[in-house]
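Visitor: I am new to this structure and would like to know how its labels are earned. Could you show it to me and take the labels in turn?

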Amino acid sequence: MADNTQSYWEGYKAFWSERFSFLSNYSRFINRDKPIPSWSSSDVEEFIASDPVHGPVLKSAREAVQFGLTGSALGALFTAGYAWKYSKSLHGAGLSFLAGGIFGWTFGHEIANHTLQLYRVDTLAAEAKFLDWWNKKTGGY
Amino acid sequence: MQSMSLTLSKRLSNSKPLFRISSSLVAHASSATTSPPPPSPPVPSPSALNSLLTAPWSATQSRGITLSGSDIRVGNLIGNRGRAHEVLKLYRPLEGTGKATLEVPPQSVAGYATVATTEDGAERKERNSGLSKATKTKREQLLKATAVASLLLIYPNTYSLLFANFFVFWHLYAGIGEILADYVHHEMTREFVMISLRLFLIIALKDVCLNFVFV
């Protein structure tokens, strides 16, 4: 019975550690003595051009951000305008602006997810690969 | 035009219930306290002058209200010197003049009669507040479902993740919906936000499923 209980808890911890494994993707770029130097859009474009596997994935991920921003702007303005039109309540319009922005970002990102087929690729791995490439390029350890 | 007299119901033991001074004005002995309505409709006294001389103090205690008979129904609220009274019973004598009895329940808020039950069975419909039984039962169901969701996580597999995910987002949706029902009073605005919230939570549910089940 003790062996069964021990193996159960070991399996339990392994299961949940596997679920949250995505938290360790950035750990080697965050837990450092010296931070990574800043990069710019031209550096990202250079990586996209040089890497044939992760470059297009990162390009799609950056395009998805534009979808999210557009959806957030439309959602925030439309929801706040709708609430203000009927209630003339300042705090109500403010809360509607925030909620509309969050909902709009999610809807926009969902449209991008289907338009750019992000569900087929691993955008998180592409971002981690870019950080690794930039770290080596700037002479980091 | 038929006229009707509305009086506060209070009869003293040593005084007659009502007596008539003129064909449209009815005086009576009254006080501010409450009492049950009289068991039978009061009848006018044949000699008004004699009653007035017998009890001259009753004229200054008069609180009668004269209104049109066709305007009064059981359940109406009538304002009398800053106080609201509810019509509990109507008397329509054959001679053409009607009378109604008003009562203010002792536990009611001053100036407003909230709930009164008449013998006709006409009850005012209470507002369905959040403390009623139906809403409480719905909330208990949600809490039980969420408790089941937390128990499911003891068994780490795909099915427990799916069910726990569904129950937690259902609880989120119902909780935020209840907050919006209390504070957003315009129905179209509330429906707009509720539909947006439902779509948002469905997408979040899908994303959590993908990240936890297909890790």
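Guide: A:Lys88 has a relative accessible area of 53%. This is a predicted model, in which local features need pLDDT of at least 70 and side-chain atom pairs count only at pLDDT 80 or more. Residues are numbered from 1 along each chain as its sequence is written, and chains are lettered from A.

Visitor: Why is A:Lys88 called exposed?

Guide: Exposed means over 50% relative accessible area, buried under 20%, and partly exposed in between (1.4 Å probe, protein chains only). A:Lys88 has 53%, so it is exposed. A:Lys88 is found in the loop between α4 (54-87) and α5 (90-115) of chain A, and its phi is near 50°, a positive value in a residue other than glycine.

Visitor: What makes A:Gln117 partly exposed?

Guide: Its relative accessibility is 34%, which lies between the two cut-offs, so A:Gln117 counts as partly exposed. A:Gln117 sits in the loop between α5 and α6 (123-137) of chain A. Its phi is also positive, about 55°, although A:Gln117 is not a glycine.

Visitor: How do you know that B:Lys206 forms a salt bridge with A:Glu110?

Guide: The rule asks for a side-chain nitrogen of Lys or Arg within 4 Å of a carboxyl oxygen of Asp or Glu. For B:Lys206 and A:Glu110 the closest N and O atoms are 3.0 Å apart, so the pair qualifies. Across the interface of chain B and chain A, the rule finds one salt bridge.

Visitor: How many residues does each chain bring to the contact?

Guide: Chain B brings 20 residues and chain A brings 20 residues, contact meaning heavy atoms within 4.5 Å.

Note on methods. Heavy atoms only, no water. Helix = DSSP H or I, 4+ residues; strand = E, 2+ residues; numbered from the N terminus.
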